[in-house]
Amino acid sequence: MNIVLCGACGRMGRNVAEACKERGVTVTAGVDVVPSPMPFPVYTSFEEIKEPADVVIDFSPASSVRERLAFCKARKIGIVIAGTAFSDEDEALILEAAKDIPVFQTGNLSVGVNLLQMLVKKAAEVLGDGFDAEIVERHHNQKKDAPSGTALMLAKSVNEGFGGNKENVFGRHGLVGARNKSEIGIHAVRGGTIVGEHEVMFAGQDEIVTLSHSARSRMVFAEGALRAAAWLTTQPAGKYDMNDLLKSVL
Ligand SMILES: NC(=O)c1ccc[n+]([C@@H]2O[C@H](COP(=O)([O-])OP(=O)(O)OC[C@H]3O[C@@H](n4cnc5c(N)ncnc54)[C@H](O)[C@@H]3O)[C@@H](O)[C@H]2O)c1
């Protein structure tokens, strides 16, 4: 598999390059608006790439999506889009491109987190209203937003599993009274260098079921990107996410 890596010189780009080296996967070229030395040529635009490519892994921020998609369409190859917070216009371009090429887009490339999302939905379905769901997420002390997008994603899946009648309650403080059955509690812990931990607890009468995920390094996202890229090369044109990949292997 020949990979073109966009955002090649950023933190995630370097992690993907490292994961490729470990797995013997070839990065034929990189693209970065601020190039720095890498073990493959890095260009400032897709137009300059002459090297072979089977798939693009894109860890650049949500800009210039048009150029990346045009490159993939011209080469008839897929793209793994890892950036977040695209404009409506860019999202429309991505959807349009997915008519011609396979496009994989997700805000969380960790296979484990996406599996956890499926499992918590199933758990809520099976356990039902006799159980109270609470989510605790832990991240490093530099994280700006709370709770994490992943915690919200998990809460959405739990709610779907329960039948869609729950509401998120963020932390508790003061004389809040007894817990309401409609609540999904979400709690954000911040400290040190914690990469990212998510725990979903279902507490019932005399028993507790806990499902959790712990990311120990950014390599989990890099590994997820490689897995998505390999899978995408076998797919027809269309828009995919990690759930599609997991469903195909379960
Ligand atoms: N989906 C996931 O699982 C996941 C996981 C981690 C990070 N991310 C996202 O990936 C992105 C990159 O994260 P990071 O930590 O590596 O950031 P970073 O700032 O370390 O790296 C971004 C790199 O992209 C380059 N760049 C900026 N604009 C570009 C453009 N138009 N074309 C090509 N290169 C460009 C920058 O010069 C930089 O080297 C962020 O949007 C982040 O939210 C997604």
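Strands β10 and β11 pair in the antiparallel sense, and nine bridges hold the pairing together on paper in this predicted model. Within that pair, Glu-197 stands opposite Ser-214 in β11. The two strands form a hairpin with two residues between them, and there Asp-206 takes a positive phi near 70°.

## The five-strand sheet

The hairpin belongs to an open sheet of five strands, ordered β8-β9-β7-β10-β11, with mixed pairing. Its edge strands are β8 (167-170) and β11 (207-215), each of which pairs on one side only. Ignoring direction, neighbouring strands of this sheet are turned by 20° against each other on average.

Where does the parallel part of the mixed pairing show up? Strand β7 (residues 132-139) and strand β9 (residues 183-190) run parallel and are joined by seven bridges. If you would like a landmark for that pairing, try Arg-138, whose bridge partner in β9 is Val-189. Helix α5 (residues 149-162) packs on this sheet and touches β7, β8, β9 and β10 (196-204). The direction of α5 makes about 165° with that of β7.

The loop between β7 and α5 holds Pro-147. The peptide bond leading into Pro-147 from Ala-146 is cis, with omega near -5°.

## The seven-strand sheet

Next comes an open sheet of seven strands, in the order β3-β2-β1-β4-β5-β6-β12, with parallel pairing. At its edges stand β3 (42-43) and β12 (238-240); each has a single partner strand, so one side of each is left without a neighbour in the sheet.

Inside this sheet, strand β4 (residues 55-58) and strand β5 (residues 78-81) pair in the parallel sense over four bridges. Here Asp-58 stands opposite Ile-81 in β5. Which helix packs on the sheet, touching β1 (2-6), β4, β5, β6 (102-105) and β12? That is helix α6 (residues 219-232), and its direction makes about 155° with that of β5.

A backbone detail is found in the loop between α2 and β5, where Lys-76 lies. Lys-76 has a positive phi of about 55° although it is not a glycine.

## Two helix pairs

Two packed helices are described by the angle between their axes and the distance between the axes. Here are two such pairs side by side.

| Helix pair | Angle | Axis distance |
|---|---|---|
| α2 (residues 65-75) and α3 (residues 88-97) | about 5° | 10 Å |
| α4 (residues 111-127) and α7 (residues 242-249) | about 80° | 10 Å |

Take α2 and α3, which pack at an angle of about 5°. That angle makes α2 roughly parallel to α3. From α2, the contact uses Val-65, Arg-66, Leu-69 and Lys-73, and from α3 it uses Asp-90, Leu-93, Ile-94 and Ala-97. Sorted by class, this contact of α2 with α3 has five nonpolar, no polar and three charged residues.

Now for α4 and α7, which pack at an angle of about 80°. These two helices are therefore roughly perpendicular to each other. On the α4 side the contact is made by Val-111, Asn-114, Leu-115 and Met-118, and on the α7 side by Met-242, Asn-243 and Leu-246. By class, the contact of α4 with α7 has five nonpolar, two polar and no charged residues.

## Around the ligand

Which residues come nearest to the ligand? Of the 24 residues around it, they are Gly-7, Gly-10, Met-12, Ser-60 and Leu-109. Helix α1 (residues 11-23) gives the most to the shell around the ligand, with three residues. As for chemical character, the shell divides into eleven nonpolar, eleven polar and two charged residues.

## The chain as a whole

Stepping back, the chain has seven helices and twelve strands. Along the principal axes, its C-alpha atoms fill a box of roughly 65 × 40 × 35 Å. How does the radius of gyration of the chain fit a compact globule? With 250 residues, a compact globule would have a radius of gyration near 18 Å, and the chain has 20 Å, which agrees.

Conventions: Residues numbered from 1 in each chain as written. Predicted model: local features only at pLDDT ≥ 70, side-chain atom pairs only at ≥ 80, totals over all residues. Near = placed C-beta within 6 Å. Nonpolar A, V, L, I, M, F, W, Y, C, P; charged D, E, K, R; others polar. Axes fitted to C-alpha atoms, helices over the stretch in contact; angles between N-to-C directions. Parallel < 35°, antiparallel > 145°, perpendicular 65-115°, else oblique. Contact = placed C-beta atoms within 7 Å. Pairing = 2+ DSSP bridges. Rg over C-alpha atoms; globule rule 2.2 N^0.38 Å.
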